[in-house]
Amino acid sequence: MANSGARFCPRLEERSTVAENGQINPGAKNGIIARISGPIVDATGMRSAGMYEVVEVGSLRLVGEVIRVSGDVATIQVYEDTTGVKPGDVVLRTESPLVVRLGPGLLGSIYDGIQRPLDQIQKHSGAFIRRGEKVSPLDAEKKWLFKPLVKEGDAVGKGKPVGVVQETGSVEHRILPKPGECGTVVEIVPEGEYTVESRVARLKGESGAIYDVFMAHQWPVRNPRPILERRYADAPLITGQRVIDAFFPLARGGTAAIPGGFGTGKTMMQHALAKWSDADIIVYIGCGERGNEMTDVLTDFPKLIDPRSGRSLMERTVLVANTSNMPVAAREVSIYTGITMAEYYRDMGYDVAIMADSTSRWAEALRELAGRLEEMPAEEGFPAYLATRLAQFYERAGAVTTLGGGEGSVSIVGAVSPPGGDFSEPVTQHTRRFVRCFWALDTTLANARHYPSINWLTSYSEYAEDIRSWWEQREPSFPALREEAMEVLQLEARLQQIVKLVGPDVLPDTQRFVLIVAEIIKNGFLQQSSFDKVDTYTDPERQVFLLGLMMEFYRRGKAVIAAGSPVVRLHEMKAVRKLSVAKSTVPNGDKQAMADLRREVGEELEALEAEYQK
């Protein structure tokens, strides 16, 4: 299978279903279509077919996958439009599961749900994918400079690279044997340029078996790649989004959900995370999204500049585009295609972040396929195994020790699009069971142009305590600052209930001051503009500074009020305005600007304190 070259299904090209004279080849292992229901096809004569085996359907040889076998009848989900396919057409077995091809050239590529390169298809098919189209996922002719890391006689353990290729200016690609293959090097090619079809090494295992190591290999998408062990996720995935990093952090190797109704900013949030998060590799899966949104992704991403390297963001990004008008079965498999590629780079020792937009469209694909299969529906028509499938996807995330002994991680951020913003619907509820970070987008905040529209009262993160030591090593006071700020926001929410009934004037000054500070936190910390060069990304140091200065203002302000100052004096301070706009006036790393702002706020507070202490 490793030497299958550019062929999509490795064994398919070795025999033909239909001979040149139009007759069925008797030597081929064929089935015959008996029934068609949209993307679901029943074929007879498939007694020896295996579950999840790839087949090709009809004269156009449409790619499909066996999802049920009963006697000699196999049920197949076809990943392409079945228009024109009819009973009596031939189904050809490949005796292979659905696989993705893994090797140099993945980064910067744009694939559909079954790893067909859309840019290559466009060159010879135009704007639309012809049915039955098969193009190599990796350029079989492009040569890569291979540098060996081992020599003949060396022992290569499981998961250890035999050489490296500089895949892009930002990422070094480590050439790995297939998981489980290891042994003594009996052959290694010299440094030079080779294609993904080239054999670069041969290993001899303890049993005497010979393993050929190619520049690229294949892996079944539904099988998680093996690891040595899972590690404790104790380091945050820094995103530069203050409401996330400070209040609802995501650990490297963690799972997060972004639920929200239409227009709340799910897609834009994932774009920001893809650009600014400190993951080494980004895999963006557009699963069933509208064509115009995916068009924005496909046109904007190549133009984005990676803030870490100054190079194109596409140099460390893989895009899987599966829009809502593409076949529903391909939408169902697209998330497995994306996560398998993510696990491949994880095995090299990289931290990978997956943006799945959206898992609701994926669940809708499951529902449609289940209906075609005439399965008993569960809640809201979704299949009973919806929770199981969601769990199988999210559990492939994690911080791990790879087979080679290195450390890598896969973090998953899945958008959820509940109809009408109803978080009680099944996909959102089941997703909450399997993720530890929940960023609930709020329609009211979005309508008020407060972005990110993450509701700080309904969102949560179970990683806050896991990564507490990471923050304490850098700023011991930060966990306490976070808790204090959350208390202010929660108290403000309770006070707003009173304000709506009787107005703010009936509140004592200490409670009115809480409203002022909460407004500073919401406008000056939680709200963030992607169009402001300073505000679009905030590093951990500046987050600590901004939140710390706001909480210092809160503590000293309470003391001044206790000494007799009316709250209006605090509200009229220039410091209130300065704290609210500091997110745009104090750049990352500008220690002088930070010191100046701290001094100005401190001097104004000291003057007020001195006035009332007398």
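1. How many salt bridges does a search of the whole structure find? The search finds 45 of them, and since this is a predicted model, the points below should be read as descriptions of that model. Side chains of opposite charge can pair when their charged atoms come close, and several such pairs are taken up one by one here.

2. The side chains of E56 and R61 meet in a salt bridge, with 3.3 Å from N to O. The two partners fall into separate exposure classes: E56 counts as buried because its relative accessibility is 2%, whereas R61, with a relative accessible area of 21%, is partly exposed. The cut-off matters for R61, because buried means under 20% relative accessible area.

3. A salt bridge also links E492 and K522, whose closest N and O atoms are 3.0 Å apart. Because E492 belongs to helix α11 and K522 to helix α12 (residues 509–526), this pair ties together parts that are 30 residues apart in sequence. E492 is buried at 5% relative accessibility, and K522 is buried too, with a relative accessible area of 12%.

4. Between R556 and E609 there is a further salt bridge, the closest N and O atoms again being 3.0 Å apart. R556 sits in helix α13 (residues 540–562) and E609 in helix α16 (residues 591–613), so the contact ties together parts that are 53 residues apart in sequence. Both R556 and E609 are buried. Elsewhere, E65, R222, E332 and R389 are joined into one network by salt bridges that share partners.

5. Turning to the strands, six of them close into a barrel, with antiparallel pairing and the order β1-β2-β5-β4-β3-β6. From one strand to the next, the twist averages 45°. Strand β1 (residues 30–37) and strand β6 (residues 90–97) run antiparallel and are joined by three bridges, and in this pairing N30 stands opposite L92 in β6.

6. Where cysteines are concerned, a search of the whole structure finds zero disulfides. Two cysteines can be described by their exposure: C182 counts as partly exposed, because its relative accessibility is 23%, while C437 is buried, with a relative accessible area of 0%.

7. On the surface, I498, L501, V502 and V506 make a nonpolar patch of about 400 Å². One of these residues, I498, is found in helix α11 (residues 478–502), the helix in which E492 also lies. I498 counts as partly exposed, at 37% relative accessibility.

8. Two peptide bonds and two phi values deserve a look in the backbone, given that most residues other than glycine have a negative phi, and most peptide bonds are trans. The bond from D357 to S358 is cis, with omega near 5°, and S358 is in the loop between β22 (351–357) and α6 (359–372). The bond from Y451 to P452 is likewise cis, with omega near -5°, and P452 is placed in the loop between α9 (443–447) and β26 (460–461).

9. As for phi, E374 has a positive value near 60°, and E380 has a positive value near 55°. E374 lies in the loop between α6 and α7 (386–394), and E380 is also found in the loop between α6 and α7. Their exposure classes are not alike, because E374 counts as exposed at 64% relative accessibility, whereas E380, at 44%, counts as partly exposed.

Conventions: Residues are numbered from 1 along each chain as its sequence is written. This is a predicted model: local features need pLDDT of at least 70, side-chain atom pairs count only at pLDDT 80 or more; totals for chains, interfaces and linings use all residues. Side-chain values use heavy atoms; hydrogens and water are left out. Two strands pair if DSSP finds at least two bridges between them. Helices (H or I, at least four residues) and strands (E, at least two) are DSSP runs, numbered from the N terminus. Axes are lines fitted to C-alpha atoms, for helices over the stretch in contact, and angles run from 0 to 180 degrees between N-to-C directions. A disulfide is a pair of cysteine sulfur atoms within 2.5 Å. Buried means under 20% relative accessible area, exposed over 50%, partly exposed in between (1.4 Å probe, protein chains only). Patches are made of residues with over 30% relative accessible area and no salt bridge: like charges are joined within 9 Å, nonpolar side chains (Val, Leu, Ile, Met, Phe, Trp, Tyr) within 5 Å. Accessible areas come from the Shrake-Rupley method with a 1.4 Å probe; for residues, only the protein chains shown count as cover. A salt bridge is a side-chain nitrogen of Lys or Arg within 4 Å of a carboxyl oxygen of Asp or Glu.
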